[in-house]
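I set out to look up a helix, a pocket and a hairpin in this model. My entries follow in that order.

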Amino acid sequence: MPPLPQSRHLATQIPGPGSVRLAQRRAAAVARGVSSTLPVYAARAGGGIVEDIDGNRLIDLGSGIAVTTVGSTAPRVVDAVRQQVSEFTHTCFMVTPYEGYVAVAEALNRITPGDFEKRSVLLNSGAEALENAVKIARSYTRKSAVAAFDHSYHGRTNLTMALTAKSMPYKSGFGPFAPDIYRAPASYPYRDGLIDKELSSDGQRAADRAIGILESQVGARNLAALVIEPIQGEGGFIVPAPGFLPALLAWCRDNDVVFIADEVQTGFARTGAMFACDHEGAAGMAPDLICTAKGIGGGLPLGAVTGRADIMDSVHVSGLGGTFGGNPVACAAALGALAAVEEDDLVGRARQIERLIFERLGRLQADDDRIGDVRGRGAMIAVELVHPETAEPDPALTKALAAACHRAGVIVLTCGTFGNVVRLLPPLTISDELLTEGLEVLADELGKL
Ligand code: PLZ
């Protein structure tokens with residue numbers, strides 16, 4: 001197959017005739033509850049491009065929701081997967097184990113924050129990682145309550161729906177949810193600042209507010225774990241005020257509460273550090289347990305919990321596992337993806353991408369007061385769109401902007417508790433040219449609305 005040209009190209013309208021036909025088949029075959037952001041069906045992807053079955057080439061600023069960090073056809077991933085499938089596709093690690101699983105666990109123990117002894121368990125998805133982290137924390141502490149935060153997203157299984165804040169579309173109608181889950185206020189500097197300037201810049205104060213609520217409504221003696229995304233993803237790419245996360249971690253340490261960082265979206269080079277926790281405090285912060293998925297599998301389904309050996313090993317033998325967890329093909333892909341991140345300095349690349357995006361979006365914000373906030377880190381940057389006079393969220397504009405970008409051949413995603421955030425998550429293999437072009441399209445389309 002010829003290489004995929006790294007250029008935006010509109011061969012037909014979006015969607016083209018092939019995608020329209022597939023949409024009809026889909027409507028008769030696929031459950032309606034599963035939705036798609038774009039109406040086009042993918043044929044090939046790689047670098048910074050997704051090509052659809054009608055020959056349209058779209059600039060990828062979404063990475064399949066922060067998964068294809070190393071690209072969708074990274075040579076090291078493709079080669080490793082090919083090799084592994086020709087050897088064996090599955091034996092089950094709980095039946096006859098294999099080296100790939102051990103090697104991925106070793107790698108995760110090495111690259112995650114904290115220089116203490118660690119252990120890892122491998123799973124199939126982000127939600128499954130969160131489920132297991134909570135199991136492990138409960139087993140270790142012999143307590144049952146779990147705290148999560150406003151604006152959080154942790155998955156679509158029963159326990160992770162309970163952890164997730166937003167009702168529509170994730171939870172509505174799907175209850176009852178797992179019990180003993182409590183919610184604390186997050187640090188949301190932009191929106192906090194509209195009411196209380198100090199709260200927006202002082203992470204300790206925002207943490208004190210959350211801790212006060214947890215102490216009065218739950219009590220640390222009942223709390224097994226606190227679960228938090230170091231940058232909230234689906235909630236709107238919310239970077240907490242400096243000091244917020246370290247203050248929560250310190251409180252957890254003082255109160256025998258396991259601090260679980262959900263780095264499913266932020267992890268694996270995405271934010272311009274290997275993990276978002278590395279940005280916190282002077283020397284980074286080390287959570288007790290860290291959940292990963294998305295990017296670590298190089299596009300194949302893989303999740304993991306990594307953490308302090310004493311906590312991880314508190315679980316009885318056979319208490320953790322699953323048929324597919326740490327599938328050998330997914331492990332081969334993960335080792336290929338990690339080699340790409342480390343050998344090609346994709347952490348550094350994410351920082352370059354951050355500079356490029358902030359520069360362009362900063363100029364855009366200066367000219368357009370509907371952009372209330374530009375925020376994020378690395379290749380995880382978003383704009384929050386508002387009604388300028390009131391700073392009320394503007395989800396209609398957000399939807400219109402995303403749809404206009406899609407029609408123009410640029411994949412952008414939306415997010416946010418109020419549905420008013422356009423987020424950018426390009427693969428770290430995208431060229432500066434394609435990224436710049438994608439940002440120009442975004443700026444042009446916003447200007448037309
Ligand atoms: N934790 C922080 O971002 C997945 C969800 C898309 P799974 N985010 C994308 C959707 O609408 O389903 C996510 C996340 C964080 C956990 C998860 C869950 O990861 O691999 O989708 O289960």
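Helix. I worked on a predicted model throughout, and I began with burial in α5. I found G126, A127, A129, L130, N132, A133, V134, I136, A137, S139 and T141 buried there.

I then checked the length of helix α5, which covers residues 126-141. At 1.5 Å a residue, its 16 residues should span 22 Å, and the end C-alpha atoms lie 23 Å apart, so the two values agree.

Next I looked at both ends of α5. At its start, I noted a side-chain oxygen of S125 within 3.1 Å of the backbone nitrogen of E128. Just after the helix, I found R142 with a positive phi of about 60°.

Pocket. I turned to the second largest pocket, which holds about 350 Å³ of space. I listed 18 lining residues, and those nearest the centre are Y101, V121, S318, L320 and G321. Which element gives the largest share of this lining? I found that strand β4, residues 118-123, supplies it with four residues. By character, I recorded nine nonpolar, seven polar and two charged residues in the lining.

Hairpin. I closed with strand β11, residues 371-377, and asked how many of its residues are buried. Six of the seven are buried, and I entered the strand as mostly covered. I saw β11 pair with strand β12, residues 380-387, in the antiparallel sense over six bridges. I located G376 opposite I381 of β12. Two residues separate the strands of this hairpin, and I noted that G378 takes a positive phi near 60°.

Terms used:
Residues are numbered from 1 along each chain as its sequence is written. This is a predicted model: local features need pLDDT of at least 70, side-chain atom pairs count only at pLDDT 80 or more; totals for chains, interfaces and linings use all residues. Side-chain values use heavy atoms; hydrogens and water are left out. The expected span of a helix is 1.5 Å times one less than its number of residues. Buried means under 20% relative accessible area, exposed over 50%, partly exposed in between (1.4 Å probe, protein chains only). A polar contact is a pair of N or O atoms within 3.5 Å; within protein, one must be able to donate a hydrogen and the other to accept it, and residues adjacent in sequence count only if both atoms are side-chain atoms. On a 1 Å grid over the protein atoms alone, a cavity is a set of points where a 1.4 Å probe fits but cannot get out, and a pocket is an open set with protein on both sides within 12 Å along at least five of seven lines; lining residues have an atom within 4 Å of a point. Grid points are joined across faces, edges and corners, and a volume is the space filled by probe spheres set on the points. Ala, Val, Leu, Ile, Met, Phe, Trp, Tyr, Cys and Pro count as nonpolar, Asp, Glu, Lys and Arg as charged, and the others, Gly among them, as polar. Two strands pair if DSSP finds at least two bridges between them.
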